[in-house]
Amino acid sequence: MILYRVQVRRNDKKYEASFYSSFDYMRHVVEFYELYSIRHPARVKELKRVVYLATDSPSVISQFKRNHPNYLFVSNMKSAMNANKPTAKRNTLKAFEGFLLDVYFLSRAEFQVCTFSSNVCRLVYALAQATSSRRTYDRSKLAVSLDTPYFFVPFIKFARKIAILDHRPSKHE
């Protein structure tokens, strides 16, 4: 089974990024499954169009299901409900467990559609790269960002370290 992952962030995103509809996300999923069907016509009958949908808004889950009935959406409604609470009320162990489950399942899927302006999306992408069973395989072609290319957070200042002595290894290699 091929699993696509979609991560939709809504709550705190409304002030810092553009809005993307379910059709914006699913355009890439639909395209993938159409190409797969053309390349593997013998497998079309057995192909299940499954999408793991992680979000911080429960209404997104029903919206995706309503707008895209030919797909099976797997999601964690409890996690979405916990993430939809005000910040002070969502900082609980249950909410954190739901977040970890979403990150884990998102990172295990084959393909990814999200917004790289989201820290969660970048975390999932990094985990997928690091845990791929195909170490030499470049997973950058298996991720689509709707808003920005992958980036490191530029506003975090790292302390610069300067070597003041030459390094001399204790053992010869």
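Select strand E2, residues 50-55, in this predicted model, and colour its side chains by the face on which they lie: Val50, Tyr52 and Ala54 are on one side, Val51, Leu53 and Thr55 are on the other, and both faces are covered, with all of these residues buried. Taken as a whole, the strand is mostly covered, since six of its six residues are buried.

Keep E2 displayed and add strand E3, residues 72-74, which pairs with E2 in the parallel sense over three bridges. Which residue of E3 stands opposite tyrosine 52? Centring the view on tyrosine 52 brings up valine 74 as the residue in E3 that faces it.

Next, add helix H2, residues 58-67, to the selection, and the view then holds a right-handed β-α-β unit made by E2, H2 and E3.

Now leave this unit and select helix H5, residues 93-108, where glutamate 97 and lysine 94 both lie, three residues apart, or about one turn of the helix. Side chains of opposite charge can pair when their charged atoms come close. In H5 the side chains of glutamate 97 and lysine 94 meet in a salt bridge, with a distance of 3.8 Å from N to O, which falls within the 4 Å cut-off. By this rule the model has one salt bridge in its count.

Are the two partners buried or exposed? Glutamate 97 counts as partly exposed because its relative accessibility is 36%, a value that lies between the limits of 20% and 50%, whereas lysine 94 is exposed, because its relative accessible area is 60%, which is over 50%.

Conventions
Residues are numbered from 1 along each chain as its sequence is written. This is a predicted model: local features need pLDDT of at least 70, side-chain atom pairs count only at pLDDT 80 or more; totals for chains, interfaces and linings use all residues. Side-chain values use heavy atoms; hydrogens and water are left out. Helices (H or I, at least four residues) and strands (E, at least two) are DSSP runs, numbered from the N terminus. Buried means under 20% relative accessible area, exposed over 50%, partly exposed in between (1.4 Å probe, protein chains only). Two strands pair if DSSP finds at least two bridges between them. A crossover is right-handed if, with the strands pointing away from the viewer, the path from the first strand over the helix to the second runs clockwise.
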